[in-house]
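Biologist: I have a chain in front of me and some terms to sort out. Can you take me through them, one by one?

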Amino acid sequence: MKMDAVNITDAEWELLEIVWRRAPLSAREIYQALPGENRANYRTVRTQLDRMAVKGVLARSDHHGLLLFRPEVSRQNALKEKVRRFFSRFFQGDAGLAIAHVIEEEALTDEALRSLRELLERKVNSEGDESC
């Protein structure tokens, strides 16, 4: 499915996290896997699942009269689109600006900083290779 056409809401993301871990699942199983505090009622969750199927985020299949849901998008692709939308909304699409903000404003461990440095070096080296 083409992710750039789909916006996954926070509530849908919570349902997807459950489905990604344990699919295929019935609506009741998904509902029961939700954390108890602030859990919507079953009908609301069922409506969300049906809408997600219409959007192409979930697939529905009948298994001996029981409707099962499974993901139609990978977590990686959904996350990529979520991050792209976040950068677009809050940083005018500028990933560098977003990364600079995180580095300047957030507490990062030495390990996280080393990891970022390595990623940046790989990116610089790979783009340098492409210009040859």
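Modeller: Start with a definition: a contact means heavy atoms within 4.5 Å. Keep in mind that this is a predicted model.

Biologist: What share of the contacts in the chain with a separation of 6 or more comes from residues 24 or more positions apart?

Modeller: The share is 50%. Those pairs sit 24 or more positions apart in the sequence, yet they count as contacts because their heavy atoms come within 4.5 Å.

Biologist: How do you know whether the chain matches a compact globule or not?

Modeller: Use the globule rule: 2.2 Å times the number of residues to the power 0.38. For 132 residues, a compact globule would have a radius of gyration near 14 Å. The chain has 19 Å, so by this rule it does not match. The C-alpha trace spans about 60 × 35 × 25 Å along its principal axes.

Biologist: What makes a residue buried?

Modeller: Its relative accessible area must be under 20%. Of the 132 residues in the chain, 24% are buried. The chain exposes about 9400 Å². Carbon and sulfur atoms supply 49% of that area.

Biologist: Which elements does the chain have?

Modeller: Six helices and three strands. Their order from the N terminus is α-β-α-α-β-β-α-α-α.

Biologist: How do you know that E2 and E3 pair?

Modeller: Two strands pair if there are at least two bridges between them. E2 and E3, residues 66-71, have six bridges, so they pair. The sense is antiparallel. Leu58 stands opposite Pro71 in E3, and His63 has Leu66 as its bridge partner.

Biologist: And what makes E1 and E3 a pair?

Modeller: Two bridges join them. The cut-off is at least two, so E1 and E3 pair as well. They run antiparallel. Ser26 stands opposite Leu68 in E3.

Biologist: What is the order of the strands in the open sheet?

Modeller: The order is E1-E3-E2, with antiparallel pairing.

Biologist: Why are E1 (25-26) and E2 (58-63) called edge strands?

Modeller: Each of E1 and E2 pairs on one side only.

Biologist: Which residue in the hairpin of E2 and E3 takes a positive phi?

Modeller: His64, with a phi near 55°. The hairpin has two residues between the strands.

Biologist: What about the charges: how far apart are their mean positions?

Modeller: They are 9 Å apart. The chain has 21 positive and 22 negative charges. His is not in those totals, because Lys and Arg count as positive and Asp and Glu as negative.

Terms used:
Residues numbered from 1 in each chain as written. Predicted model: local features only at pLDDT ≥ 70, side-chain atom pairs only at ≥ 80, totals over all residues. Heavy atoms only, no water. Helix = DSSP H or I, 4+ residues; strand = E, 2+ residues; numbered from the N terminus. Buried < 20%, exposed > 50% of the residue type's maximum accessible area, 1.4 Å probe, protein only. Areas by Shrake-Rupley, 256 points an atom, 1.4 Å probe, with all protein chains shown as cover. Charge placed at Lys NZ, Arg CZ, Asp CG, Glu CD.
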